[in-house]
Amino acid sequence: MPDNSTIYLNERQFRIDVYQLLAALMRNEPQTGMLQLLGNLHIETQQASNTALINCFARLKQQANMADIEQLQHQFFELFIGLSQGEINPYGSWYRENKLMSNTLLRLRAHLQQLGISREEQVKEPEDHISALCEVMAILIQDKAEHQQIVFFEQHIAPWFEPLCNKLSENRLSPFYASVGELAYVFLQQEQTLLEHLRIQVSIN
């Protein structure tokens, strides 16, 4: 996510920024700098059709300004890590096959290899973590790879983002992460619609 706190809607950079933001929020416990960025967030848009998304950003901004950093870091641990497992499982394999390290992950790894994208050494989570998938989408948008965006989203995000986002938005432990879940759901729904429309224009083999 860029250092400045302005997000522009309806632009390629906006899509990149939001994917990177979601990846950062769901991979690592929040730091003071992230909360400050969110607390100063400014959204610029010229279309009223983005009302739902703007409202999600407004709730996230409000929660960031109200958050206690130590409490929020504890909530992140309880939600995503836990002593054995967190309340929210962020892996695609779990939602698609009800187990971790499954064929879902193997197919994803083969696809990533085909795209020439590899996991960074310091990252220990399996590649089907929602943060990793968001990061890949940001890369594909940056590369203007429309065909690859459509295929990757349809194969690896569309089948399971809804139950993940619902569990996150409905959690009672953290209002901050409930607002993250709401933002993720609305944004990824819009992405699904956008890419479905794009599919009509792009030949998918």
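The following exchange concerns a predicted model of a protein chain.

Colleague: What makes the protein chain as compact as a globular protein of its length?

Modeller: The protein chain comes to 10 helices and two strands. Its radius of gyration is 17 Å, and the globule rule gives 17 Å for 205 residues, so the chain is as compact as a globular protein of that length. The C-alpha atoms fill a box of roughly 50 × 45 × 30 Å along the principal axes.

Colleague: In what order do the elements run from the N terminus?

Modeller: The order is β-α-α-β-α-α-α-α-α-α-α-α.

Colleague: Why is A58 called partly exposed?

Modeller: The relative accessible area of A58 is 44%. Buried requires a value under 20% and exposed a value over 50%; A58 is therefore partly exposed. This residue belongs to helix 3, which covers residues 51–66. Its C-alpha atom is separated by 32 Å from that of H147, a residue 89 positions away along the chain.

Colleague: Why does N98 count as exposed?

Modeller: Exposed means a relative accessible area over 50%. N98 has 57% relative accessibility, and therefore counts as exposed. N98 is placed in the loop between helix 5 (92–97) and helix 6 (103–115). Its phi is near 60 degrees, a positive value in a residue other than glycine.

Colleague: What makes K144 an exposed residue?

Modeller: With 59% relative accessibility, set against the cut-off of over 50%, K144 counts as exposed. The loop that holds K144 joins helix 7 (130–142) and helix 8 (146–156). Phi of K144 is near 60 degrees, which is positive although the residue is not glycine.

Colleague: How do you know that helix 1 is mostly covered?

Modeller: Of the 16 residues in helix 1, 12 are buried, that is, under 20% relative accessible area. Among them are F14, I16, V18, L21 and L22, together with the charged residues R15, D17 and R27.

Colleague: How does the reach of helix 1 stand against the expected value?

Modeller: Helix 1 (residues 12–27) reaches 23 Å from its first C-alpha to its last, close to the 22 Å expected at 1.5 Å a residue.

Colleague: What share of the protein chain counts as buried, and what does the chain expose?

Modeller: Of the 205 residues, 47% count as buried. The chain exposes about 10,800 Å², and carbon and sulfur atoms supply 46% of that area.

Colleague: How far apart are the mean positions of the positive and negative charges?

Modeller: The mean positions of the 15 positive and 24 negative charges are 6 Å apart.

Definitions and conventions
Residues numbered from 1 in each chain as written. Predicted model: local features only at pLDDT ≥ 70, side-chain atom pairs only at ≥ 80, totals over all residues. Heavy atoms only, no water. Helix = DSSP H or I, 4+ residues; strand = E, 2+ residues; numbered from the N terminus. Buried < 20%, exposed > 50% of the residue type's maximum accessible area, 1.4 Å probe, protein only. Expected span 1.5 Å × (residues − 1). Rg over C-alpha atoms; globule rule 2.2 N^0.38 Å. Areas by Shrake-Rupley, 256 points an atom, 1.4 Å probe, with all protein chains shown as cover. Charge placed at Lys NZ, Arg CZ, Asp CG, Glu CD.
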